[in-house]
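Student: Please help me read this structure step by step, and show me how each term is justified.

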Amino acid sequence: MQIEEHRTFQESFWRAERVSWVIFGLTLIAALLGVTGSGGMLERQIITVADGSVDVPRFSRWEASDVLQATLAGGGSERRLTLSPEFFRTFQVEDIDPPPIAAEGGLTVWFIASAPPPRSPSS
């Protein structure tokens with residue numbers, strides 16, 4: 001019985017299989033770290049701005065609900081939060097808590113800083 005071997009094909013197949021296992025492993029590690037947005041140390045990021053900070057998800061899922069939490073510095077009677085037009089091209093705001101006292105063009109919202117600092121509006 002004579003078997004025809006295609007050694008070069010078999011070696012390239014094994015090589016492709018090893019590369020696939022490495023890619024699958026890296027994908028699993030990335031998901032465990034939070035790249036999929038469902039937990040892990042990479043799930044959220046805090047951006048510090050002049051009058052406070054903004055806690056946002058690092059990765060967002062399409063058509064899924066997320067929470068953006070802005071913490072504004074106290075000490076004044078009013079504080080404002082301005083979101084860029086690019087934000088509204090991708091996201092829509094469903095709820096703002098506490099409710100703003102005023103809004104300008106849908107991009108800027110004003111809050112009363114009557115509570116002790118920090119005051120945290122969430123959207």
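**Pairs, burial and a pocket**

Tutor: Let us begin with one pair of residues: Arg 44 stands opposite Pro 57, which belongs to β2. Please keep in mind throughout that this is a predicted model.

Student: How do you know that strand β1 and strand β2 pair?

Tutor: Pairing requires at least two bridges between two strands, and β1 (residues 44–49) and β2 (residues 52–57) share six bridges in the antiparallel sense. The requirement is therefore met. These two strands also form a hairpin, with two residues between them.

Student: What makes β2 and strand β3 a pair?

Tutor: The cut-off is again at least two bridges, and four bridges join β2 to β3 (residues 69–72), with the two strands running antiparallel. One of the partnerships is that of Val 54 with Ala 70, the latter lying in β3.

Student: In what order do the elements of the chain run from the N terminus on?

Tutor: The order is α-β-β-β-β-α-β-β, which is the arrangement of two helices and six strands.

Student: How do you know that the length of helix α1 agrees with its number of residues?

Tutor: The expected span is 1.5 Å times one less than the number of residues, and for the 27 residues of α1 (residues 7–33) this gives 39 Å. The C-alpha atoms at the two ends of α1 are 39 Å apart, so the expected and the computed values agree. After α1 comes Gly 34, which has a positive phi, near 110°.

Student: Why is Leu 81 called buried?

Tutor: Buried means under 20% relative accessible area, and Leu 81, whose place is in strand β4 (residues 78–82), has a relative accessibility of 14%, which is why the word applies. In the whole chain of 123 residues, 15% are buried.

Student: Why is Leu 107 called partly exposed?

Tutor: Partly exposed is the range between under 20% and over 50%, and Leu 107 is placed there because its relative accessible area is 29%. Leu 107 is found in the loop between β5 (102–104) and β6 (108–112).

Student: What makes Leu 81 and Leu 107 count as being in contact?

Tutor: Contact means heavy atoms within 4.5 Å, and, with neighbours within four places in sequence left aside, the contacts of Leu 81 include Leu 107, Ala 70 and Phe 111. With its own such neighbours left aside, Leu 107 has Leu 81 among its contacts, as well as Pro 85 and Phe 88. Along the chain Leu 107 and Leu 81 are 26 residues apart, while their C-alpha atoms are separated by 8.2 Å. For Leu 81 and Pro 100, which are 19 residues apart in sequence, the C-alpha to C-alpha distance is 9.6 Å.

Student: How much space lies in the largest pocket, and which residues are closest to its centre?

Tutor: The largest pocket holds about 580 Å³ of space. It is lined by 19 residues, and those closest to its centre are Ala 64, Ser 65, Asp 66, Phe 91 and Gln 92. Both β2 and α2 (85–90) contribute to this lining, with at least two residues each.

Note on methods. Residues are numbered from 1 along each chain as its sequence is written. This is a predicted model: local features need pLDDT of at least 70, side-chain atom pairs count only at pLDDT 80 or more; totals for chains, interfaces and linings use all residues. Side-chain values use heavy atoms; hydrogens and water are left out. Buried means under 20% relative accessible area, exposed over 50%, partly exposed in between (1.4 Å probe, protein chains only). On a 1 Å grid over the protein atoms alone, a cavity is a set of points where a 1.4 Å probe fits but cannot get out, and a pocket is an open set with protein on both sides within 12 Å along at least five of seven lines; lining residues have an atom within 4 Å of a point. Grid points are joined across faces, edges and corners, and a volume is the space filled by probe spheres set on the points.
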